[in-house]
Amino acid sequence: MTVQLKDDLNFRLRSKKALKNKEGTDGWFLGVYDDGLISNGGSKTDKTIWVLKSVQSSFNIISKDGNYCLGIDDGLNMITNADPNGNGLFIFDWQPNGRVCIQSVFHASKKNRTGKFGPHLGVDPQGGLIGNAGTGEWGQWDIVPVSEGNTTTVSHSSPDTTSSSKPSTSPSSNDNKPTIVPSAHPSIKLLTDFAKHRELWGEQFYVEQKFTKTVDAKLKFMVRLPNLNVKKWSVIACAPPSPLQTQMIKKASLTIYDNTGNNEIAKGQLMQAGSHYVMRAMAKGIPKQHKIYAHYDIEADLYSISLKKIVPGQFMPMVQPLNPQERAYYLQTTNFINYNQPQFQQWIRDNQLHPMLLTDGTVESVLCYAYRVFLFIKLHFDYVLAKDVLSGRKATDTIAAKKSDCGGFSILYSSILRMHGIPTRILIGRWALSGTADKQKVHVVGEFYVDGCGWVPFDPACAITADKTEPFTKFFAQNSGEFITMHIETGIHGIDNGVESKHQTIDFLQSICYWVDGEGNFNNQESESLWTVTPQQK
């Protein structure tokens, strides 16, 4: 029987099936006895029952009595007093054998005992509890749901296909309570189920826009150059595009402050950089002051987007068509979107990613085709953190590595669609959620254009990390209105920083960039940034 992992699910975690537990019955179950966590609890007590609580795109594991929260501490030990919003956050990674590995979100960048990233809850051969297990036998569990005194073990419905779940640096963009299902569901069959594709996307649709909230977003940036006597500071940030169907920018500004952070010394001015606009603030260096602060402020109305079927007799909303210049711009190849490369075109042929001629003589509609490509990326690629994208984010880089981050997947998806005449635009920015010094909430999504319908959202990275339920449409053709776009398309060219004679190019400008003119060196430089988002009260 296949079960869904969701809020308030009562279950037991079984590490070993055949061994006798402390009650003398079969199966070792994780439990809390006399305030101590043990690996060989029994199945006849509430002490081994746990309850799932969803937190954005991850889960807490709470004891049934509510007194304990499972987690992994800084030493990678299993603990029961975890922070539900920190080291008590987990994702579930289903294995081909039907068991599950439970990985720490908080410590995802740390290596486990196998040398790979991502520590997991586990039990060693002696029965010791560990928080640094890998995905082998030590780190695998059976999920045994508890329902009216009965238990049912999760099992696979078909063992022939596998997929995996990887940690995300970003939250779910739609539903903050994702469901997770085992990896051996018949997902590959869905990829070629053209009747299902038509059922989902074969009708006429319109784009429904709904206001979500007004936010004040601020990126606070500090840089300190102790070994450099600065004569001139130049600070640059994007001028966020507006209007978009997902945002209306009400105000945006860039300001430089002195080393106290209190005294304003320069305001940003709007300037063009190729096809983009940026804000540049320039200030003279102050003697013996080696530090400045910069504030990048955005006030925006945000909107969610979803596709709605047009029922017979319903009024068809008017859609502004792309003009020839716009269409050419959103179909062009770039340094990243390099679908004109022979190896990429061969990869498309090898994987049958052209629009299909169906048995009834028709060709896949744009929406059906775009959905099939979206499914293909979700089922065949792995998500990694930005720091682990070692080969680059060009489309050809990603198909070779078979893994990438949000930027790489948005670029790959755009490359496939543009190659087949479907305009796309990549939206580069940040989640409309406050971050921390370590989690800056940067993200990349995109939209493709359908004639007669408009711009349709897509987010392949979140589909890989956070959508575990067929037909995998949580991040296709909808946007939750929790994202602020800072610029459209990669590559801001022709940036005049006012310091160097040569104009600069920045591929992803989601932060604040700076240049200086002065004497000395950049040794021991320090920088900090913090992204905060505050919803306005109605």
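**Notebook: helices and cores**

I began with two helices, and α4 and α7 turn out to be roughly perpendicular to each other (a label for angles of 65 to 115 degrees). Their axes come within 12 Å and cross at roughly 80°. Here axes are lines fitted to C-alpha atoms, for helices over the stretch in contact, with angles from 0 to 180 degrees between N-to-C directions. Helices are DSSP runs (H or I, at least four residues), strands are E runs of at least two, and both are numbered from the N terminus.

A note to myself on the source: this is a predicted model, where local features need pLDDT of at least 70 and side-chain atom pairs count only at pLDDT 80 or more, while totals for chains, interfaces and linings use all residues. Residues are numbered from 1 along each chain as its sequence is written, and side-chain values use heavy atoms, leaving out hydrogens and water.

**Who makes the contact?**

I went back to α4 (residues 342–350) and α7 (residues 406–419). Phe 344, Gln 345, Trp 347 and Ile 348 of α4 meet Leu 412, Ser 415, Ile 416 and Met 419 of α7 (contact means heavy atoms within 4.5 Å).

**One side of α4**

I found Phe 344, Trp 347 and Ile 348 buried in α4 (under 20% relative accessible area, 1.4 Å probe, protein chains only). They cover an arc of only 100° around the axis (taken from the directions to the C-beta atoms), which puts them on the same side of α4. Pro 342 and Asp 350 are exposed on the other side (over 50%; partly exposed lies in between). The buried residues of α4 pack against α5, α6 and α7.

**The largest core**

Next I looked up the largest nonpolar core, which has 64 residues. Such a core is a set of buried Ala, Val, Leu, Ile, Met, Phe, Trp, Tyr and Cys residues joined through side-chain atoms within 4.5 Å. Trp 201, Trp 347, Tyr 413, Ile 416 and Phe 448 touch the most other members. Helix α5 (residues 366–380) gives the most to this core, with 11 residues.

**A look at α2**

In α2 (residues 194–201), I saw that His 197, Leu 200 and Trp 201 are buried. They fall within an arc of 70° seen down the axis, so they line one face of the helix.

**A buried arginine**

Is Arg 418 buried or exposed? Arg 418, found in α7, counts as buried because its relative accessibility is 2%. Its C-alpha atom is 7.7 Å from that of Tyr 330, although the two are 88 residues apart along the chain.

Technical notes: Parallel < 35°, antiparallel > 145°, perpendicular 65-115°, else oblique.
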